[in-house]
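This report describes a single protein chain through its strand pairing, its nonpolar cores and its backbone exceptions. The sequence and the coordinates come first.

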Amino acid sequence: MSNKLTPPKRTTVVAAAGAAALLARWALRRRGRDAPAPAPRSPRRRELLVTAHERIADGVVRLRLEGHDLPRWTPGAHLDLVLPSGLVRQYSLCGDPEDTSSYTVAARLAADGRGGSRELHELVREGMELEVRGPRNRFPLVQAPAYRFVAGGIGITPLLPMLRSLPEGTGWKLLYGGRTRASMPFLEEIGKLDPEGTRVTVVAEDEAGLPDLDAFLTGVPEDAAVYCCGPEGLMTAVAEKLPAGTEPHLERFAPRAAGAGDGAFEVELHRSGRVLTVPAGSSVLAAVRAELPNTPYSCEQGWCGTCQQRVLEGEIDHRDELLTDSERGDSMLICVSRTRGERLVLDL
């Protein structure tokens, strides 16, 4: 499947830009007073033109975003898209890492989601400009003598550039599962990567049930790198079936599940001296915004980084998949992360 998409004519761009403005205003009115604050300005933030918005599978659209002198990226990287309403969502890059004129992402419509995917599907159109941040990579492809890849549905997007980049002769296999073949993007291209049909196993649930992880992971070489992206249940199953001491590389679309240490604790706002209680089952963000309503936020799932705050005291329980190791030393995303102790002091 080719990634060469034809840009729209300039007349289309002008007309679509006007429609985009109306759609954006409609989205903002719909969200009302509870709309999240826009993402903070960043030196890596830029405006890109949507030159293609096409359906490539049931419930999946692919976007081509064009610009000039764009940073190169490595397989596994993602992009932050600032949607017309101000929501920020992350999407894995699935185009050519060496292409400095455009970025390509694909997204599935989540009927039970928080609105970001629906906005991307229904409000974003060719000719619009979208603000983007990145690219960043928290899911890099490591060097290894062999690889095993497991993808669930739209989880194929970060794995596809990895498969393309592997040197000839590398031992790799892919298990790709989805509800139906019609809902699984990039099947044609994946087939071209495995012309002999010995490396790729495609499992459509309506035809053959759930993928057989036991069969796929049996006999995995000890020095192989195992990559998985998809629903949380799939990633948990992959981790459980690997030999002891073998850690899979995982890419999550949602924050880690809650667990031990989710009880109530205190948060001190250093600048005002106010002390807040974060109840069990609630977030630091909710407690802080009750006192400081203008505190910026967007995704509320640890994806975008909008709510990042500096921590002056306390042991942080990081639950995001975004911050770098250096950033985690003295900051946290207050929408999902908590404390391992009883108290945090924020620079607020």
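Strand S2, residues 60-66, is mostly covered, with 6 of its 7 residues buried. The model is a predicted one. S2 pairs with strand S1 (residues 45-57) through 7 bridges, and the two run antiparallel. Within this pairing, His53 stands opposite Leu63 of S2. The hairpin formed by S1 and S2 has 2 residues between the strands, and Gly59 there adopts a positive phi near 75°. S2 is also joined to strand S5 (residues 102-108), again antiparallel and by 7 bridges. Here Arg64 has Thr104 of S5 as its bridge partner.

The protein as a whole contains 8 helices and 18 strands. Of its 348 residues, 51% count as buried. Among contacts with a separation of 6 or more, 67% come from residues 24 or more positions apart. The exposed surface is about 16,700 Å², of which carbon and sulfur atoms supply 49%.

In soluble globular proteins, nonpolar side chains tend to be buried together. Which residues touch the most other members of the largest nonpolar core? They are Phe149 and Leu174, in a core of 26 residues. Two or more residues of this core come from each of S1, strand S7 (146-152), helix H3 (156-165), strand S8 (171-178) and strand S10 (225-229). H3 gives the most, with 5 residues. Leaving out residues up to four places away in sequence, Leu174 touches Phe149, Ala151, Ile156, Leu163, Ile190, Arg199, Val200, Thr201 and Phe216. A second, separate core has 23 residues, including Val284, Ala287, Leu333 and Leu346.

Helix H8 spans residues 284-291, and its buried residues are Val284, Leu285, Ala287 and Val288. These residues lie on the same side of H8, because they cover an arc of only 165° around the axis. An α-helix has 3.6 residues a turn, so residues three or four places apart point the same way. The cover over the buried residues of H8 includes strands S12 (265-269), S13 (274-278), S16 (331-333) and S18 (343-346).

The loop between S8 and helix H4 (187-193) holds Ser183. Is Ser183 buried or exposed? Its relative accessibility is 10%, so Ser183 counts as buried, the cut-off being under 20%. The side chain of Ser183 reaches the backbone oxygen of Thr180 at 2.8 Å. Apart from neighbours within four places in sequence, Ser183 is in contact with Ala57, Asp58, Val60 and Arg108.

Most residues other than glycine have a negative phi, and most peptide bonds are trans. The table lists two residues with positive phi that are not glycine.

| Residue | Phi | Location | Relative accessibility |
|---|---|---|---|
| Asp69 | near 50° | loop between S2 and S3 (78-82) | 72%, exposed |
| Phe186 | about 70° | loop between S8 and H4 | 1%, buried |

Asp69 and Phe186 thus sit in loops, Asp69 being exposed and Phe186 buried. Phe186 lies in the loop between S8 and H4, where Ser183 is also found. A further backbone exception is the peptide bond from Gly134 to Pro135, which is cis with omega near 10°. Pro135 belongs to strand S6, residues 129-136.

Terms used
Residues numbered from 1 in each chain as written. Predicted model: local features only at pLDDT ≥ 70, side-chain atom pairs only at ≥ 80, totals over all residues. Heavy atoms only, no water. Buried < 20%, exposed > 50% of the residue type's maximum accessible area, 1.4 Å probe, protein only. Helix = DSSP H or I, 4+ residues; strand = E, 2+ residues; numbered from the N terminus. Arc of directions from axis to C-beta. Contact = heavy atoms within 4.5 Å. Areas by Shrake-Rupley, 256 points an atom, 1.4 Å probe, with all protein chains shown as cover. Pairing = 2+ DSSP bridges. Core = buried A, V, L, I, M, F, W, Y, C linked by side-chain atoms within 4.5 Å. Polar contact = N/O pair within 3.5 Å; in protein donor to acceptor, adjacent residues only side chain to side chain.
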